[in-house]
Amino acid sequence: MQENSIKKLVIVGGGTAGWMAASLLVKLMRGQLEIVLIESDDIGTVGVGEATIPPIQIFNNVLGLNEDEFVKATQGTFKLGIQFENWGAVGDKYMHAFGSIGRQIGMVPFQHYWLRAKEAGFAGDLWDFSFNYQAAKEDRFDRMRQIPNSPLEGITHAFHFDAGLYARYLRKGCELSGVNRIEGMITDVSLDSASGNIASVTLKDGQVVEGDFFIDCSGFRSLLLGQALGVGYTDWTGWLPCDRAVAVPAENGPRMRPYTQSIAHKAGWQWRIPLQHRAGNGHVFCSDHISEDEATQTLLDNLEGKPLADPRVIPFKTGRREKFWHKNCIAVGLSSGFLEPLESTSIHLIQTSIVRFVQMFPSLGLDATNIDEYNEQVGFEFESIRDFIILHYHATQRDDSAFWKRCRTMEIPESLKHKMDLFRETGRIFRFNNELFSEAGWLQVMLGQRVMPKAYHPMADGLSDKQLREYFTNLKTIISGTVPKLPKQVDFIAKHCAAAPM
């Protein structure tokens, strides 16, 4: 080991962020690094039940988690997409389904052939060509990488799970692998007088914990990066005006849907996340346009099952830290910034932040170019996800409330404006710098919210109407013939990964 290597790393805060960070680091650097995690049972976590996106499978696979055991331990269910209701207009309904839509022909993306067929009057519904959507709407799920005897992708899935149970599951593995958990509340952070780096933290009982590097997982407080090191916060509420969420667990409704629901209301939106033992429910709203009492009542009036606890209000400010890595500290999770959970990206941002940190793992010298690159990459990811979320609010025809009029008419970032203009004029979607959301994701949200292109790629005219009709018919036949063979999600879980009753 190099003499200037980091030997002791201290994680401040547990919850999903802290234990995900500890899990990956101890898995990849066991024997090279002493890892200490400090958390207090007296400080609650924000987690209210989480929906995720497919890359979490990569993280879990790196950790060596068995998927059935993980789902069982977290009271999890499977997720094939997010259904949006009342977003483009009241009464509208569409899904951002994971996986592909149709199949590209040559170098021309599928949507151009669909747009051409739509102009000719025989396109059908775009989601007829989404295997994930067709399975989701029938509450079906199975693990299937490819549809048998076809060139089409199979099911692309993520999970719904109880975030507290996930943290507990990861903690157990971490402690068995040598992570030292210290129970305690931090009362002071000491900085090195020469370098300005964090030298140690002091606990309420007087214990001093020193470290070479620190990871701030202290939630909205941002105890290390924000408070101790003074890194500022960039506020995005001008584009994303919701600033509160009220959350409540409830009994499950009549169906076990393999998708998240996002239902727009007059000043925000409601989530429904189905778990095995309960449903996670919340209402994200803008306090400029609705009171906490009215927002709470709106949520309670739209539950599918009996509430299992009192509703709790969580205030937040959408935005990000000006830096995510400063001195000998990175912020992960809520301490690094907050984007509302509309596209289920909270856990993904934890995952990619800690993966990037491992890829750029520093020496004690803390090279400035390494830190700058980390901040650039994490910053870009926050901003690209921000744009995708803004799209949902801005691309609307709703004018039934002051909130939706505000969203529809607001100025938007130039980066988002360019994507929307390009799609309107040409039907084209380009991903930049390996951004998170796929072309299929942007396509579904823009079409689902009535952003319609004026043109399609000229190469889509290379097929005759007859050839195109046959191609569409074949795709639909493959998908519609496979979906009924999938088990219902409730039966799949009962067979493979049912949790013990709580």
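Which strands and which helix do the buried residues of H11 pack against? In this predicted model, the partners are strand S15 (260–265), strand S16 (268–274) and helix H10 (368–394). Helix H11 itself covers residues 402–409, and its buried residues are Phe403, Trp404 and Cys407. Viewed down the helix axis, these buried positions fall within an arc of 90°, so they line one face of H11.

Attention turns next to Lys79, a position that carries annotation. The unreviewed UniProt entry lists Lys79 under "binding site", and Lys79 is also listed there under "active site". In the model, Lys79 belongs to strand S4, which runs over residues 77–79. Is this lysine buried or exposed? Its relative accessibility is 0%, and because the cut-off for burial is under 20%, Lys79 counts as buried. The side chain of Lys79 reaches the backbone oxygen of Thr52 at a distance of 3.1 Å. Thr52 is also among the residues that Lys79 touches beyond four places in sequence, together with Ala51 and Phe98. The same set of contacts includes the run of Thr156, His157, Ala158, Phe159 and His160, as well as Pro258, Tyr259, Thr260 and Ser344.

Strand S4 also contributes an aromatic residue, Phe78. The structure holds 32 aromatic pairs. In one of them, the ring centres of Phe78 and Phe141 are 4.1 Å apart and the planes meet at 10°, so this pair is stacked. Phe141 lies in the loop between helix H5 (131–137) and strand S7 (158–161), while Phe78 lies in S4, so the pair ties together parts that are 63 residues apart in sequence. Both Phe78 and Phe141 are buried. Which residues join these two in a cluster linked by ring pairs? The other members are Phe70, Phe159, Phe161, Tyr166 and Phe492. Of these, Phe159 appears again among the contacts of Lys79.

Aromatic rings also meet charged groups in this model. The charged end of Arg386 sits over the ring of Trp236, 4.8 Å from the ring centre. In another such arrangement, the charged end of Arg469 sits over the ring of Phe122, at 4.2 Å from its centre.

Two further strand residues are worth a look. Glu39 lies in strand S2 (residues 34–39) and, at 13% relative accessibility, counts as buried. With which side chain does the side chain of Glu39 make a polar contact? The partner is the side chain of Arg181, at 2.6 Å. Beyond four places in sequence, Glu39 touches Arg181 and the residues that follow it, Ile182, Glu183 and Gly184. Its remaining contacts are with Gly13, Gly14, Gly15, Trp19 and Arg171.

Thr202, for its part, lies in strand S10, which spans residues 198–203. At 17% relative accessibility, Thr202 counts as buried. With neighbours within four places in sequence set aside, Thr202 is in contact with Met185, Ile186, Thr187 and Asp188, and also with Gln207 and Val208.

Definitions and conventions:
Residues numbered from 1 in each chain as written. Predicted model: local features only at pLDDT ≥ 70, side-chain atom pairs only at ≥ 80, totals over all residues. Heavy atoms only, no water. Buried < 20%, exposed > 50% of the residue type's maximum accessible area, 1.4 Å probe, protein only. Helix = DSSP H or I, 4+ residues; strand = E, 2+ residues; numbered from the N terminus. Arc of directions from axis to C-beta. Contact = heavy atoms within 4.5 Å. UniProt positions renumbered as here; feature names shortened; annotations may be inferred. Polar contact = N/O pair within 3.5 Å; in protein donor to acceptor, adjacent residues only side chain to side chain. Phe/Tyr/Trp six-rings, centres within 6.5 Å; stacked < 30°, edge-to-face > 60°. Lys NZ or Arg CZ within 6 Å of the ring centre and 35° of its normal.
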